[in-house]
Each structure stands twice: as C-alpha cells, then as structure tokens.
Amino acid sequence: SQFFKISLKRSTIGLAPEFKAAAKTLGLHRSHQTVYRPANSTNAGLILKLKELVKTKSPASKEHSSSFR
C-alpha cells in the first residue's frame, strides 16, 4: 500500500488552533519530526492545509530496514 512521508519543518507555535489540530491529527508534535501516514484523501487534505509547514514525499511503500543476505 502507499504511504506519505511527512516531516514538520516549522513549528506550530503562534498559529491558529485549526493548524495545530491538523498537525496533531497527522501525528506531528515536534519540529523536524517525520511520520508515515496512509495515502488517502483525508491525509492529503491535512497536508494541503499545512503546506507551508511540512515537507512531503510520496514513496512507493513504507521503508523497511532489513537485510536479505
């Protein structure tokens, strides 16, 4: 399945409550924190609301750190 990689690049201090709530809904609490969320319309709308605060990548799938040797 598809995931968004979302990183909070700016703090939400001093912003309106709806922006703080959108960041909290995405699971972003600290600056430079990165989370993975499913690629769906709800999360896309929240990312659009925070477009000046977040950096987003749309990887093919969630990254796994495992070795197959």
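**Exercise 1. State how many aromatic pairs the structure holds, and identify what lies over the face of phenylalanine 19.**

Solution. The structure holds zero aromatic pairs, a pair being two rings of Phe, Tyr or Trp (its six-membered ring) with centres within 6.5 Å; planes under 30 degrees apart count as stacked, over 60 as edge-to-face and the rest as tilted. Next, consider phenylalanine 19: lysine 49 lies over its face, at 5.2 Å from the ring centre. A charge counts as over a ring if NZ of Lys or CZ of Arg is within 6 Å of the ring centre and within 35 degrees of the ring normal.

The model is predicted: local features need pLDDT of at least 70, side-chain atom pairs count only at pLDDT 80 or more, and totals for chains, interfaces and linings use all residues. Residues are numbered from 1 along each chain as its sequence is written, and side-chain values use heavy atoms, with hydrogens and water left out.

**Exercise 2. Determine the strand order of the open sheet and explain why β2 and β3 each have one side without a neighbour.**

Solution. Step 1: the three strands are ordered β2-β1-β3, with antiparallel pairing. Strands are DSSP runs (E, at least two residues), as are helices (H or I, at least four), numbered from the N terminus; pairing requires at least two bridges found by DSSP.

Step 2: β2 (34-38) and β3 (54-57) stand at the edges with a single partner strand each, so one side of each has no neighbour in the sheet.

Step 3: β1 (residues 3-8) pairs with β3 over four bridges, while five bridges join β1 to β2. Serine 7 stands opposite threonine 34 in β2 and also opposite lysine 55 in β3. Lysine 5 stands opposite lysine 57 in β3.

**Exercise 3. Describe how helix α2 packs on the sheet and which of its residues are buried.**

Solution. Step 1: α2 (residues 41-49) touches β1, β2 and β3, contact meaning heavy atoms within 4.5 Å. Its direction makes about 25° with that of β1; axes are lines fitted to C-alpha atoms, for helices over the stretch in contact, and angles run from 0 to 180 degrees between N-to-C directions.

Step 2: Asn43, Leu46 and Ile47 are buried in α2. They lie on the same side of α2, because their arc around the axis is only 100°, taken from the directions from the helix axis to the C-beta atoms. Buried means under 20% relative accessible area, exposed over 50%, and partly exposed in between (1.4 Å probe, protein chains only).

Step 3: on the other side of α2, Ser41 and Leu48 are exposed. The cover over the buried residues of α2 includes β1, α1 (17-25), β2 and β3.
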